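Please open the model in your viewer and keep the sequence panel at hand. The stops below proceed from one selection to the next.

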Amino acid sequence: MKIIRAKDYKDMSRKAANIISAQVIMKPHAVLGLATGSSPVGTYSQLIDWYNKGDVDFSEVTTINLDEYRGLPREHDQSYWYFMHKNFFDSVNVQPDRIFVPDGSNPDAAEACREYDAIIQRAGGIDLQLLGIGHDGHIGFNEPGAAFELGTHCVDLTKETIEANKRFFNNDESLVPRQAYTMGIKTIMQARKVLMVASGADKAQIIKKAFFGPVTPEVPASILQMHPDFVLVGDQDALSLI
Ligand code: F6R
(Lines give C-alpha, C1' and ligand atoms only; values in the text may rest on other atoms or scores of the structure.)
Protein backbone atom coordinates (compact mmCIF):
# COMPACT_ATOMS: atom_id res chain seq x y z
CA MET A 1 0.00 0.00 0.00
CA LYS A 2 1.30 3.40 -0.96
CA ILE A 3 -0.18 6.60 0.43
CA ILE A 4 0.32 9.89 -1.38
CA ARG A 5 -0.50 13.07 0.51
CA ALA A 6 -2.02 15.91 -1.45
CA LYS A 7 -2.67 19.46 -0.22
CA ASP A 8 -6.28 19.73 -1.26
CA TYR A 9 -8.87 18.38 -3.71
CA LYS A 10 -7.19 20.03 -6.70
CA ASP A 11 -3.78 18.68 -5.83
CA MET A 12 -5.26 15.20 -5.18
CA SER A 13 -6.94 15.32 -8.59
CA ARG A 14 -3.70 16.33 -10.34
CA LYS A 15 -1.72 13.59 -8.64
CA ALA A 16 -4.34 10.93 -9.47
CA ALA A 17 -4.58 12.18 -13.06
CA ASN A 18 -0.79 11.96 -13.31
CA ILE A 19 -0.88 8.29 -12.31
CA ILE A 20 -3.64 7.57 -14.86
CA SER A 21 -1.80 9.49 -17.61
CA ALA A 22 1.39 7.58 -16.85
CA GLN A 23 -0.54 4.33 -17.21
CA VAL A 24 -1.98 5.39 -20.57
CA ILE A 25 1.35 6.70 -21.85
CA MET A 26 3.12 3.47 -20.85
CA LYS A 27 0.33 1.30 -22.28
CA PRO A 28 -1.82 3.18 -24.82
CA HIS A 29 -4.33 0.30 -25.02
CA ALA A 30 -4.71 0.18 -21.23
CA VAL A 31 -7.94 -1.00 -19.64
CA LEU A 32 -9.10 1.58 -17.10
CA GLY A 33 -11.69 0.74 -14.47
CA LEU A 34 -13.55 3.98 -13.68
CA ALA A 35 -15.77 5.27 -10.89
CA THR A 36 -18.48 7.88 -10.50
CA GLY A 37 -19.14 10.07 -7.44
CA SER A 38 -17.70 13.41 -6.41
CA SER A 39 -14.17 12.20 -5.60
CA PRO A 40 -12.94 11.49 -9.16
CA VAL A 41 -14.63 14.43 -10.94
CA GLY A 42 -11.55 16.65 -10.53
CA THR A 43 -9.34 13.83 -11.79
CA TYR A 44 -11.48 13.58 -14.92
CA SER A 45 -11.37 17.32 -15.52
CA GLN A 46 -7.59 17.35 -15.12
CA LEU A 47 -7.31 14.51 -17.65
CA ILE A 48 -9.59 16.44 -20.04
CA ASP A 49 -7.30 19.45 -19.68
CA TRP A 50 -4.19 17.41 -20.52
CA TYR A 51 -6.03 15.71 -23.39
CA ASN A 52 -6.87 19.15 -24.83
CA LYS A 53 -3.21 20.14 -24.54
CA GLY A 54 -2.20 16.99 -26.44
CA ASP A 55 -0.42 15.43 -23.46
CA VAL A 56 -2.53 12.28 -23.21
CA ASP A 57 -4.44 10.29 -25.81
CA PHE A 58 -7.30 7.91 -25.02
CA SER A 59 -7.91 6.60 -28.55
CA GLU A 60 -6.81 3.05 -27.76
CA VAL A 61 -8.00 2.90 -24.16
CA THR A 62 -10.85 0.66 -22.97
CA THR A 63 -12.89 1.84 -19.99
CA ILE A 64 -14.93 -0.41 -17.74
CA ASN A 65 -17.04 1.29 -15.07
CA LEU A 66 -17.58 -0.05 -11.60
CA ASP A 67 -21.32 0.07 -11.27
CA GLU A 68 -24.73 1.18 -12.52
CA TYR A 69 -28.28 1.39 -11.15
CA ARG A 70 -30.50 -1.48 -12.20
CA GLY A 71 -33.59 -0.24 -13.99
CA LEU A 72 -32.28 3.09 -15.26
CA PRO A 73 -31.88 3.56 -19.00
CA ARG A 74 -28.56 5.00 -20.15
CA GLU A 75 -30.19 8.31 -21.08
CA HIS A 76 -31.52 8.93 -17.57
CA ASP A 77 -29.69 11.90 -16.10
CA GLN A 78 -28.98 9.94 -12.90
CA SER A 79 -27.48 6.91 -14.64
CA TYR A 80 -23.76 6.37 -14.22
CA TRP A 81 -23.54 6.06 -18.01
CA TYR A 82 -24.83 9.63 -18.24
CA PHE A 83 -22.51 10.84 -15.45
CA MET A 84 -19.45 9.40 -17.16
CA HIS A 85 -20.31 10.94 -20.51
CA LYS A 86 -21.01 14.33 -18.98
CA ASN A 87 -17.89 14.35 -16.80
CA PHE A 88 -15.38 12.62 -19.03
CA PHE A 89 -16.21 10.67 -22.19
CA ASP A 90 -17.88 13.56 -24.08
CA SER A 91 -14.68 15.61 -23.70
CA VAL A 92 -11.98 13.09 -24.64
CA ASN A 93 -11.35 10.59 -27.44
CA VAL A 94 -12.22 7.26 -25.79
CA GLN A 95 -13.82 5.27 -28.63
CA PRO A 96 -17.55 4.68 -27.97
CA ASP A 97 -17.23 0.95 -28.65
CA ARG A 98 -14.58 0.70 -25.94
CA ILE A 99 -16.76 2.24 -23.22
CA PHE A 100 -18.40 -0.25 -20.87
CA VAL A 101 -20.83 0.43 -18.02
CA PRO A 102 -23.04 -2.35 -16.58
CA ASP A 103 -26.29 -2.51 -18.53
CA GLY A 104 -28.82 -1.12 -16.05
CA SER A 105 -31.62 -1.51 -18.58
CA ASN A 106 -31.22 -5.30 -18.65
CA PRO A 107 -33.76 -6.64 -16.15
CA ASP A 108 -32.09 -10.07 -16.19
CA ALA A 109 -29.59 -9.53 -13.39
CA ALA A 110 -27.77 -12.83 -13.82
CA GLU A 111 -27.30 -12.22 -17.53
CA ALA A 112 -26.23 -8.57 -17.10
CA CYS A 113 -23.59 -9.54 -14.52
CA ARG A 114 -22.35 -12.58 -16.44
CA GLU A 115 -21.96 -10.47 -19.57
CA TYR A 116 -20.07 -7.82 -17.66
CA ASP A 117 -17.58 -10.32 -16.23
CA ALA A 118 -17.12 -11.66 -19.77
CA ILE A 119 -16.41 -8.13 -21.02
CA ILE A 120 -13.72 -7.67 -18.36
CA GLN A 121 -12.20 -11.02 -19.23
CA ARG A 122 -12.23 -10.36 -22.98
CA ALA A 123 -10.50 -7.02 -22.36
CA GLY A 124 -7.69 -8.94 -20.64
CA GLY A 125 -8.53 -7.69 -17.13
CA ILE A 126 -8.25 -4.21 -15.69
CA ASP A 127 -4.86 -2.46 -15.67
CA LEU A 128 -5.84 0.36 -13.34
CA GLN A 129 -9.00 0.61 -11.26
CA LEU A 130 -9.96 4.06 -9.97
CA LEU A 131 -12.05 4.08 -6.78
CA GLY A 132 -13.70 6.39 -4.28
CA ILE A 133 -14.65 5.25 -0.78
CA GLY A 134 -18.00 5.51 0.98
CA HIS A 135 -18.31 6.66 4.60
CA ASP A 136 -19.04 3.08 5.63
CA GLY A 137 -16.05 1.77 3.68
CA HIS A 138 -17.97 0.69 0.59
CA ILE A 139 -16.23 0.43 -2.76
CA GLY A 140 -18.41 0.24 -5.84
CA PHE A 141 -21.75 -0.81 -4.38
CA ASN A 142 -20.07 -3.39 -2.12
CA GLU A 143 -21.57 -2.43 1.22
CA PRO A 144 -20.39 -3.69 4.65
CA GLY A 145 -20.81 -7.45 4.86
CA ALA A 146 -20.29 -8.00 1.13
CA ALA A 147 -18.45 -11.24 0.40
CA PHE A 148 -14.87 -10.75 -0.77
CA GLU A 149 -15.13 -13.49 -3.40
CA LEU A 150 -17.83 -12.03 -5.66
CA GLY A 151 -17.52 -10.94 -9.28
CA THR A 152 -20.08 -8.59 -10.83
CA HIS A 153 -23.41 -9.01 -9.03
CA CYS A 154 -26.71 -7.34 -8.27
CA VAL A 155 -27.09 -5.61 -4.88
CA ASP A 156 -30.06 -4.23 -2.98
CA LEU A 157 -29.42 -0.61 -2.09
CA THR A 158 -29.57 0.14 1.61
CA LYS A 159 -32.40 2.23 3.07
CA GLU A 160 -29.87 5.01 3.75
CA THR A 161 -28.70 5.06 0.13
CA ILE A 162 -32.27 5.14 -1.19
CA GLU A 163 -33.11 7.93 1.21
CA ALA A 164 -29.93 9.86 0.32
CA ASN A 165 -30.62 9.49 -3.41
CA LYS A 166 -34.19 10.75 -3.20
CA ARG A 167 -33.04 14.30 -3.85
CA PHE A 168 -31.86 13.30 -7.32
CA PHE A 169 -35.27 11.85 -8.21
CA ASN A 170 -37.68 14.75 -7.58
CA ASN A 171 -37.70 13.82 -3.89
CA ASP A 172 -39.94 10.89 -4.82
CA GLU A 173 -38.70 7.71 -3.16
CA SER A 174 -40.73 5.54 -5.53
CA LEU A 175 -38.55 6.73 -8.43
CA VAL A 176 -35.26 5.83 -6.75
CA PRO A 177 -33.70 2.58 -8.07
CA ARG A 178 -33.73 -0.21 -5.48
CA GLN A 179 -30.86 -2.22 -6.88
CA ALA A 180 -27.56 -1.81 -8.70
CA TYR A 181 -25.13 -3.91 -10.67
CA THR A 182 -21.60 -3.66 -9.31
CA MET A 183 -18.21 -5.20 -9.82
CA GLY A 184 -17.51 -7.34 -6.79
CA ILE A 185 -14.54 -7.18 -4.47
CA LYS A 186 -12.97 -10.08 -6.34
CA THR A 187 -13.19 -8.13 -9.61
CA ILE A 188 -11.64 -5.07 -7.98
CA MET A 189 -8.85 -7.09 -6.36
CA GLN A 190 -7.98 -8.64 -9.73
CA ALA A 191 -7.16 -5.22 -11.21
CA ARG A 192 -3.41 -4.95 -11.65
CA LYS A 193 -3.30 -1.54 -10.01
CA VAL A 194 -5.86 0.12 -7.75
CA LEU A 195 -5.93 3.89 -7.30
CA MET A 196 -8.21 5.40 -4.67
CA VAL A 197 -8.96 9.10 -4.35
CA ALA A 198 -10.27 10.47 -1.05
CA SER A 199 -10.94 14.04 -0.08
CA GLY A 200 -12.41 15.91 2.87
CA ALA A 201 -12.50 15.60 6.65
CA ASP A 202 -15.65 13.47 6.46
CA LYS A 203 -13.53 10.66 4.98
CA ALA A 204 -10.78 10.76 7.64
CA GLN A 205 -12.39 8.23 10.04
CA ILE A 206 -13.09 5.62 7.40
CA ILE A 207 -9.62 5.99 5.84
CA LYS A 208 -8.08 5.23 9.21
CA LYS A 209 -10.42 2.30 9.82
CA ALA A 210 -10.04 0.81 6.34
CA PHE A 211 -6.27 1.02 6.00
CA PHE A 212 -5.01 0.93 9.59
CA GLY A 213 -7.60 -1.43 11.04
CA PRO A 214 -8.32 -5.12 10.55
CA VAL A 215 -9.15 -6.53 7.12
CA THR A 216 -12.82 -7.43 7.39
CA PRO A 217 -15.92 -7.64 5.16
CA GLU A 218 -17.48 -5.15 7.60
CA VAL A 219 -15.16 -2.54 6.02
CA PRO A 220 -15.08 -3.60 2.35
CA ALA A 221 -12.20 -1.26 1.38
CA SER A 222 -9.96 -2.85 4.03
CA ILE A 223 -9.25 -5.74 1.65
CA LEU A 224 -7.17 -3.31 -0.42
CA GLN A 225 -4.46 -3.61 2.28
CA MET A 226 -3.80 -7.00 0.69
CA HIS A 227 -3.59 -5.70 -2.89
CA PRO A 228 -0.03 -5.86 -4.28
CA ASP A 229 -0.28 -2.45 -6.00
CA PHE A 230 -2.71 -0.21 -4.14
CA VAL A 231 -2.19 3.57 -4.14
CA LEU A 232 -4.27 5.93 -2.04
CA VAL A 233 -4.13 9.60 -2.98
CA GLY A 234 -5.78 11.63 -0.27
CA ASP A 235 -5.90 15.29 0.59
CA GLN A 236 -4.73 16.59 3.96
CA ASP A 237 -8.22 16.48 5.47
CA ALA A 238 -8.93 12.90 4.41
CA LEU A 239 -5.53 11.77 5.70
CA SER A 240 -5.64 13.83 8.89
CA LEU A 241 -6.06 10.83 11.23
CA ILE A 242 -3.26 8.67 9.83
C1 F6R B 1 -18.86 5.20 -7.60
C2 F6R B 1 -19.00 4.26 -6.51
C3 F6R B 1 -19.01 4.63 -5.07
C4 F6R B 1 -18.29 5.92 -4.70
C5 F6R B 1 -18.39 6.21 -3.20
C6 F6R B 1 -17.75 7.52 -2.82
O7 F6R B 1 -18.92 4.56 -8.87
O8 F6R B 1 -19.14 3.12 -6.81
O9 F6R B 1 -18.48 3.56 -4.33
O10 F6R B 1 -16.94 5.83 -5.07
O11 F6R B 1 -19.73 6.21 -2.82
O12 F6R B 1 -18.52 8.57 -3.38
P13 F6R B 1 -18.01 10.08 -3.38
O14 F6R B 1 -16.80 10.11 -4.24
O15 F6R B 1 -19.15 10.85 -4.00
O16 F6R B 1 -17.72 10.43 -1.97
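Begin by selecting Lys193, bearing in mind that the model is predicted. Lys193 has a relative accessible area of 19% and therefore counts as buried, since the limit for that class is under 20%. Add Asp229 to the selection: Lys193 and Asp229 form a salt bridge, with 3.2 Å between the closest N and O atoms. This pair connects distant parts of the chain, as Lys193 belongs to strand S9 and Asp229 to the loop between H7 and S10, 36 residues apart. Asp229 is partly exposed, at 29% relative accessible area.

Remain in the loop between H7 and S10 and select Met226, which is also found there. Is Met226 buried or exposed? Its relative accessibility is 56%, so Met226 counts as exposed. Now display the C-alpha atoms of Met226 and Met189: they are separated by 8.7 Å, although the two residues are 37 positions apart along the chain.

**Further salt bridges**

Side chains of opposite charge can pair when their charged atoms come close. How many salt bridges does a search of the whole structure find? The search finds six. Select Asp127 and Arg192, whose side chains meet in one at an N to O distance of 3.0 Å. Here too distant parts of the chain are linked: Asp127 lies in the loop between helix H4 (109-122) and strand S6 (128-131), and Arg192 in the loop between helix H6 (185-190) and strand S9 (193-198), with their positions 65 residues apart. Asp127 counts as buried at 5% relative accessibility, whereas Arg192, at 40%, counts as partly exposed. Add Lys27 to see a network of salt bridges that links Lys27, Asp127 and Arg192. Then select Lys166 and Glu163, which meet through their side chains in a salt bridge of 3.5 Å, N to O. Glu163 counts as partly exposed, with 43% relative accessibility.

**Aromatic pairs**

Switch to ring display; the structure holds nine aromatic pairs. Select Phe58 and Phe88: their ring centres are 5.4 Å apart and their planes stand at 85°, so this pair is edge-to-face. Phe58 sits in the loop between helix H2 (41-52) and strand S3 (62-65), and Phe88 in the loop between helix H3 (80-87) and strand S5 (99-100). Both are buried: Phe58 has a relative accessible area of 0%, and Phe88 has 1%. Extend the selection to Tyr44, Tyr51 and Phe89, which form one aromatic cluster together with Phe58 and Phe88.

Next, select Phe211 and Phe230. The ring centres of Phe211 and Phe230 are 5.1 Å apart and the planes are at 40°, so the pair is tilted. Phe211 is in helix H7 (residues 204-212) and Phe230 in strand S10 (residues 230-235). Phe211 is buried at 3% relative accessible area, as is Phe230 at 1%.

**The ligand**

Select the ligand and its surroundings. Which residues are closest among the 14 that surround the ligand? They are Ser39, Asp67, His138, Gly140 and Lys203. A polar side-chain atom of Ser39 lies 2.5 Å from a ligand oxygen. For Lys203, the distance from a side-chain N or O atom to an oxygen of the ligand is 2.7 Å; for Thr36, the corresponding distance is 2.9 Å. The ligand taken alone exposes 410 Å², of which the protein buries 84%.

**A last stop at the surface**

Finally, select Met1, Ile3 and Phe212, which form a nonpolar surface patch with about 280 Å² of accessible area together. Met1 lies in the segment before strand S1 (2-6) and counts as partly exposed, at 43% relative accessibility.

Notes
Residues are numbered from 1 along each chain as its sequence is written. This is a predicted model: local features need pLDDT of at least 70, side-chain atom pairs count only at pLDDT 80 or more; totals for chains, interfaces and linings use all residues. Side-chain values use heavy atoms; hydrogens and water are left out. Patches are made of residues with over 30% relative accessible area and no salt bridge: like charges are joined within 9 Å, nonpolar side chains (Val, Leu, Ile, Met, Phe, Trp, Tyr) within 5 Å. Accessible areas come from the Shrake-Rupley method with a 1.4 Å probe; for residues, only the protein chains shown count as cover. A salt bridge is a side-chain nitrogen of Lys or Arg within 4 Å of a carboxyl oxygen of Asp or Glu. Helices (H or I, at least four residues) and strands (E, at least two) are DSSP runs, numbered from the N terminus. Buried means under 20% relative accessible area, exposed over 50%, partly exposed in between (1.4 Å probe, protein chains only). A residue is near a molecule or strand if one of its heavy atoms lies within 4 Å of it. A polar contact is a pair of N or O atoms within 3.5 Å; within protein, one must be able to donate a hydrogen and the other to accept it, and residues adjacent in sequence count only if both atoms are side-chain atoms. Rings of Phe, Tyr and Trp (its six-membered ring) pair if their centres lie within 6.5 Å; planes under 30 degrees apart count as stacked, over 60 as edge-to-face and the rest as tilted.
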